[in-house]
Amino acid sequence: MTGGGLLVAGTTSDAGKSVVTAGICRWLVRQGVKVAPFKGQNMSLNSFVTREGAEIGRAQAMQAQAARVEPSALMNPVLLKPGSDRSSQVVLMGKPVGELSARGYHGGRQAALLDTVVGCLEELRASHDAVICEGAGSPAEINLRRTDIVNMGLARAARLPVLVVGDIDRGGVFASFFGTTALLAPEDQELLAGYLVNKFRGDVSLLEPGLDMLKSLTGRATYGVLPFQHGLGIDEEDGLRVSLRGAVRESVVAPPVGEDVLRVAVCAVPLMSNFTDVDALAAEPGVVVRFVDRAEELADADLVIVPGTRGTVRALEWLRERGLADALARRAAEGRPVLGICGGFQLLGERIEDEVESRAGVVDGLGLLPVRVRFAAEKTLARPVGEALGEYVEGYEIHHGVAEVGGGEAFLDGCRVGSVWGTHWHGSLEADGFRRAFLRVVAGAAGRRFVPAADTSFEALREEQLDRLGDLVERYADTDALWRLIEGGAPSGLPFVAPGAPRAPG
């Protein structure tokens, strides 16, 4: 028997599709429903490696945790990793299959993947009671409708009901709901069941007249109004949207245990990937994390992190252009801590030989670590475990660069020279014991009277966040109607909106 399904679409990117999908998954699994997340096509520089060695979107791994299931390539069969404004690496079923321009992908390759995407969804539905699918961008991107495999193209192929999420905090949510519906082809409109308002602040009774009018105009109900809550932007997909100028993702969650706070500056390099690596630091009481793009912003930092990137050579040039490379060299000479992760580790080395990613050939690195990197055509995808600073560590690797370490003190798969550390391992800071040990070293080097909290569990904090998402759905959505939608399949007989309005071709 095939399990139920639902497609969570959105009026825009960043409307809240990822967190709503996770919230529905957590609500369902707490009701005893065997549920799985799914996103047919994801564009993200934040990715994760499953236990079978497949690369998928980090958001889908988070949603799998919400559903209390092991993440797999079935949950995100197509992942696009931007390398520029015009091209992306295409990852199919967890493995890279090449680079394509946007025109090349939407011009034919994308439509050919629909069978693969639908097949993965059906395989999940065969082994679960329900599959909650996340859309991408907006289902009303009418210029891309003919090759769509993640929004209405998937919904029509798999006969999924569609719930559209709108971010009311941005304003214009009623126009967005109406316009999204009006632009769809009649066959797609039949699948659109209704709406969900996200990030509402204030008195819901003031919103109700608008919801009633929306229903009279479209024939579709609103399935809930979720209130705005801080701290729920977990595992965002797009590193390019990280705000600079000291913006912090809920960095100080509690006062410091010791007398001092610890300041962490993250270099916001171009094509930044897996910036979620610093979330575990931001969860520590007394640790302030900010993303920076100017050399002077490193001056008061106790630790500087150079994160992963899909453009190592480009990031290296960027650091030099902005004076950040010289600032990092001064820090190293002064014995002030620097940590490079993945691409950030590679550019701290002596030399990079790249005929794969940038095709720049041989390029001098920053020379802060005795490491030489050669980019291989085959991507390394792994889930390593090990020990550092006397503590157990596990992580995941996603990189083309192969590092030859020529000295220094061993550190995970990389090395340490004085106050400069480098590793390919993403996620290592999520290991509580290692993170605390590392922060003690940083605090000592910085002369800070900072003491890591002895009881901070990043896993427990993540579970708490996921439970909060489940609570939002359970308390503020019409869960009975939502379950009927998931269990009952695609709606039928819904009236079309705005007769005579122009619509996308079917």
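Helix axes here are lines fitted to C-alpha atoms, for helices over the stretch in contact, and the angle between two helices runs from 0 to 180 degrees between their N-to-C directions. The model is predicted.

Start with helix α1, residues 17–30. One of its partners is helix α14, residues 458–476. The two pack at an angle of about 85 degrees. Their axes lie 7 Å apart. Angles of 65 to 115 degrees count as roughly perpendicular. Therefore α1 and α14 are roughly perpendicular to each other.

Which residues meet in this contact? From α1 come Val19, Ala22, Gly23, Ile24, Arg26, Trp27 and Arg30. From α14 come Glu463, Leu466, Asp467, Leu469, Gly470, Asp471, Val473 and Glu474. By type, the residues of the contact of α1 with α14 divide into seven nonpolar, two polar and six charged.

Now turn to helix α2, residues 58–67. It packs with α1 at an angle of about 20 degrees, and here the axes are 7 Å apart. Angles under 35 degrees count as roughly parallel, so α1 is roughly parallel to α2. The crossing of α1 past α2 is right-handed.

On the α1 side, Ser18, Thr21, Ala22, Cys25, Arg26 and Val29 take part. They meet Ala59, Met62, Gln63, Gln65, Ala66 and Ala67 in α2. The residues of the contact of α1 with α2 comprise seven nonpolar, four polar and one charged. Ala22 and Arg26 of α1 are listed in the contact with α2, and both are also listed in the contact with α14.

Past α2, look at Arg68. Where does Arg68 sit? It is in the loop between α2 and β6 (78–82). Its phi is near 60 degrees, a positive value in a residue other than glycine. Arg68 has a relative accessible area of 48%. Buried means under 20% and exposed means over 50%, with partly exposed in between, so Arg68 is partly exposed.

Next come the aromatic rings. A pair of aromatic rings is described by the distance of the centres and the angle of the planes. The count comes to seven aromatic pairs. One of them joins Phe177 and Tyr195. The ring centres are 4.7 Å apart, and the planes make an angle of 35 degrees. This pair is tilted. It links distant parts of the chain, with the two positions 18 residues apart. Phe177 belongs to helix α6 (residues 173–183), Tyr195 to strand β11 (residues 192–200). Both Phe177 and Tyr195 are buried.

Another pair is formed by Trp421 and Phe438. Here the centres are 5.1 Å apart and the planes meet at 85 degrees, an edge-to-face arrangement. This pair, too, links distant parts of the chain. Trp421 lies in strand β27 (residues 420–423), and Phe438 lies in helix α13 (residues 432–446), 17 residues apart.

Are these two rings' residues buried or exposed? Trp421 has a relative accessible area of 3%, so it is buried. Phe438 is at 0% relative accessibility and therefore counts as buried. Trp421 and Phe438 also belong to one aromatic cluster with Phe411 and Phe434.

Finally, go back to strand β11, where Lys199 is placed. Lys199 is not a glycine, yet its phi is positive, about 65 degrees. At 24% relative accessibility, Lys199 counts as partly exposed.

Definitions and conventions. Residues numbered from 1 in each chain as written. Predicted model: local features only at pLDDT ≥ 70, side-chain atom pairs only at ≥ 80, totals over all residues. Heavy atoms only, no water. Helix = DSSP H or I, 4+ residues; strand = E, 2+ residues; numbered from the N terminus. Parallel < 35°, antiparallel > 145°, perpendicular 65-115°, else oblique. Left-handed = near helix turned anticlockwise from the far one by under 90°. Contact = heavy atoms within 4.5 Å. Nonpolar A, V, L, I, M, F, W, Y, C, P; charged D, E, K, R; others polar. Phe/Tyr/Trp six-rings, centres within 6.5 Å; stacked < 30°, edge-to-face > 60°. Buried < 20%, exposed > 50% of the residue type's maximum accessible area, 1.4 Å probe, protein only.
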